[in-house]
Amino acid sequence: MPDRCDTRWMSAAISLAARGEGLTRPNPNVGCLIVTDGRVVGRGWTQAGGRPHAEAMALAGAGDSARGATAYVTLEPCAHASTRGPACADSLIAAGLARVVVATTDPDPRTNGEGIARLRAAGIRVDCGVGEVAARAAMPGWWSRVTRTRPFVTLKLATSLDGAIAMASGESRWITADRARAHAHLLRARCDAILVGRGTFDADRPALDVRLPGLEFRSPVRFVLTSSPLPASASGWTSLARPDAIKDHATVQHLLVEGGAGTAAAFLAGGLVDRLILYRAPILIGGGRPCLGDIGLASLSDAHGQWQLAGARQFGPDRVEIYQRDG
């Protein structure tokens, strides 16, 4: 069992990893702390575009203080050399670390266990598995892409209490209030791609950007689910003929699906939604447009056991619930 200090330091490293979520493709967003005598001497997280790696950034900050220290890394240090930089396992060895604590092994076959083996062969103590579940959850897009060859998919729905996303006329601005909408923009900033259906595209031509001060540069790339060609004016948009075709876009690690009802239903029916984020406003519309179309449910019993509540928060008058796919 890990001691309390290991758990605490790894938790801090996982928090650092979250800073790179949505920015580090094609690499994972990793966090690293270098600690000596209970004091942090170096910290790092994978930078935008995937370089420098978290370990390289932390080692640069630690300098000579890394010798004899302990490194806490949220993913097994890479063992394969790259034209963009040395293998992190080799860098940790050269720095003279005494111990490396790893949250989870790397599923990438180029490293998978080799990084840990190389560290141990150099006489460095390696402990693995501290904070493993949380570390994997902090890099959902990359982990899904490597282990399932498709991105992690989040479906976002903003509804009234009676499950409507718009008035019968199509009016939908705004169902939720300012604070909930700001949170939704933060969600966009943590994804590298965003998708809407053709109906939403034609009706609104939404910007789908991040409109939070200081985070505008984190706006995701834009997709439209459509079987028809996009107009010439749709610069910067990419069409997707069917939901499962997203797997063919290898650079996409974390896709956010924002609607409409038919698109949401298509991703759910295809079993492609990993996380559901439901923003619910304390209003009743009555006769409005439903948030979902047909998802192919054969019987009511099939609806049970599919989702598990992972968290809930209140943003002013609106409630946000987060559900993970069960199993």
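**The sheet and its helices**

Good morning. In this predicted model, Leu33 of the chain stands opposite Arg43, which belongs to strand β2. I begin with that pair and work outwards.

Strands β1 and β2 are antiparallel and are joined by 6 bridges. Helix α2, residues 54-62, packs on the sheet and touches β1, β2 and β3. The direction of α2 makes about 145° with that of β2. A further helix, α1, covers residues 4-17 and lies across β1, β2, β3 and β4. Its course runs at about 140° to β1.

As general background, the strands of a sheet pair through backbone hydrogen bonds, and the pairing may be parallel or antiparallel.

How, then, are the strands ordered in this sheet? The sheet is open and has 5 strands, in the order β2-β1-β3-β4-β5, with mixed pairing. At the edges are β2, residues 39-45, and β5, residues 125-128, each pairing on one side only. On average, neighbouring strands are turned by 15° against each other, direction ignored.

Let us now consider β3, which spans residues 70-73. Thr70 and Tyr72 point one way from this strand, Ala71 and Val73 point the other way, and all are buried. With β1, residues 31-36, strand β3 pairs in the antiparallel sense over 4 bridges. Within that pairing, Thr70 of β3 is the bridge partner of Val35.

With β4, residues 99-102, strand β3 pairs in the parallel sense, also over 4 bridges. Here Val73 stands opposite Val102 of β4. Between these two strands the chain passes through helix α3, residues 88-95, and this β-α-β crossover is right-handed.

Thank you for your attention.

Definitions and conventions:
Residues numbered from 1 in each chain as written. Predicted model: local features only at pLDDT ≥ 70, side-chain atom pairs only at ≥ 80, totals over all residues. Heavy atoms only, no water. Buried < 20%, exposed > 50% of the residue type's maximum accessible area, 1.4 Å probe, protein only. Pairing = 2+ DSSP bridges. Right-handed = clockwise from strand over helix to strand, strands pointing away. Axes fitted to C-alpha atoms, helices over the stretch in contact; angles between N-to-C directions. Contact = heavy atoms within 4.5 Å.
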